[in-house]
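Please examine the structure shown below together with its sequence. A report on selected local features follows it.

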Amino acid sequence: MKHKLPKIGLSVLTIVMMSGCTKLGPDFMGVETSSVPSKWQHKDKRSDETIAQWWKTFNDPILNTLVEKAYAQNLDIESAGLRILQARTALGISEGLAFPQQQTLSGNAAAVRSNSNNFEAAGINFDMGWEMDIWGKYARNIESSEANLYASLASYNDIMVSVISEVARNYINYRTAQERIAYARRNVQIQERVTQMTEVQFNSGNVSELDMQQSRSQLYNTRAAIPAIAITKVNALNAMALLLGTDVSVVRKTLLSGSKKYRDATSKYLNQEKKGVIQIKQDNSDLLNVEIIPMSHINPYNKIDAGLLMRRPDIKVAEYRVRSNNALIGSSIAELYPSFSLFGNVGLNSNNASGSWMSGSNALGVTIGPAFSWNIFQYGRIKNQIRLQDAVFEESLVNYNKSVLTAVSEVSNALESYTWVQKQQKEIKNAVDATVRAFNISVIQYNDGLVSYQRLLNTVEKLTSTQDRYASIKGNLSLQTVAFYKALGGGWQMSKGKSYLSVETAEKMKKTVNWDKYLDVNMTRLPEGMK
């Protein structure tokens, strides 16, 4: 049988084919912000390179090792990698809709009995339907899915920034606790010696029992402070184990692989010589420079590279959300207009008496032609969908500007905090120096009977509290350094060119589902730069 397309069908098909794809809706023209201070309009390639691996400025091999292990093992980073894969497959779905959306092969066979007659029915059909993307609905959806893919990449980088900074922060807290414990143990030894001196004086009748009990009370309080600091140390250790996705014993082994400065030995700091008088050395080899806490110095007066700030991953996530929502406006507008489709069917169907062969000439049928549909009575719903999407777009734009303001605020806070804590650290170091000197003088004068025991007790108490504050402020200064580099969004650059999926995860997924090329190394490799 010969089939002919109606002339009107040919005309419509010609018009549809000749008309190109018109993308309705606004094109994304980028986002502008005036939230970055003008004084930050500065470019510094060296700063960019430093911030990319800022943890190395602490010159601590153990911290470097922990960061590398966290990148390879952290579960949040692994989850973010899987979300990239999800976004990539979602983009594949959107791209697939640009091709014929319906391609169905179906078949049937049945035996029919009617009165005394038996019939056999059989058929096989291939149906195809293709909605032409005249108004750019599918093109806008692809644009939105692509933006979501880049948002997932930026989110991966943002999680990396957070994980690396948390590793450094907890490592510094761990070392700060170590230094505080070192000072506390040293002061326990000092106070034990002072208590012994007081007990000797009491047994000789030179001091009252009150002096002896006050000395013991101070000693017990100092001992009691150590467990509280140890709890902070344990919490930091457990936090690092979680960040590295491993057991605490593995992290502890890494932490103990450092140099001697990380050991809590304290006996070497005491000098019990000359007539049993306990003294503390004044030079840098003794009390003032334990150097357990890693330190990294930044120049808070340097200009900030605004371009580097605007590449902060969370800002990029917000920017890609704006781009995605902008594209969906055009996709919604396309629903206002008629959709044009091509449809076709090739079928072989037969309904013959039982025992008869299928007649191919009469059973073969071919149908092909254009079609259109138009939601002419649903404008209220469609228009409100467009308005809804426009409001979502504007909200994402507001969120973008907020993320920029948040970044500026965090950088400013980190710079100011670092400046003030740095000044505080210098003054507290002078205070420790003066307290050590006062303690040594009071011990000598007390043994010579020139000052009361209360004066000696006061200097011991100030020595303990001042040293503990000194260690805490040193740790806080390092934490402010971490906060500064995190505020600039540093650290994600280490993932450039690497795969966002581990080999083990990719191999396991290949055994479960046919992923084609999606899990190839080249497909999962992170881009060198972001669009």
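The report covers one helix, one buried serine and a surface patch.

## Basis of the model

The model is predicted: local features require pLDDT of at least 70, side-chain atom pairs count only at pLDDT 80 or more, and totals for chains, interfaces and linings use all residues. Residues are numbered from 1 along each chain as its sequence is written, and side-chain values use heavy atoms, with hydrogens and water left out.

## Helix H4

Helix H4 (helices being DSSP runs of H or I, at least four residues, numbered from the N terminus) comprises 22 residues, 75–96. Its first and last C-alpha atoms are 32 Å apart, close to the 32 Å expected at 1.5 Å a residue (1.5 Å times one less than the number of residues). At its N-terminal end, Asn74 acts as a cap, with a side-chain oxygen 2.9 Å from the backbone nitrogen of Asp76.

Buried residues of H4 include Ile77, Ile84, Ala87 and Leu91 (buried: under 20% relative accessible area, 1.4 Å probe, protein chains only). The buried residues of H4 pack against helices H3 (61–73), H5 (137–203) and H13 (503–512).

## Ser152 in helix H5

Ser152 belongs to helix H5 and counts as buried because its relative accessibility is 11%. Beyond neighbours within four places in sequence, Ser152 contacts Arg83, Ile84 and Ala87 (heavy atoms within 4.5 Å). A polar atom of the Ser152 side chain lies 2.5 Å from the backbone oxygen of Leu149.

## Strand residue Leu348

Leu348 is located in strand S5 (strands are DSSP runs of E, at least two residues). Leu348 is one of the residues forming a nonpolar patch on the surface.

Notes
Buried < 20%, exposed > 50% of the residue type's maximum accessible area, 1.4 Å probe, protein only. Polar contact = N/O pair within 3.5 Å; in protein donor to acceptor, adjacent residues only side chain to side chain. Patch = residues over 30% accessible without salt bridge, like charges linked within 9 Å, V, L, I, M, F, W, Y side chains within 5 Å. Areas by Shrake-Rupley, 256 points an atom, 1.4 Å probe, with all protein chains shown as cover. Salt bridge = Lys/Arg side-chain N within 4 Å of Asp/Glu carboxyl O.
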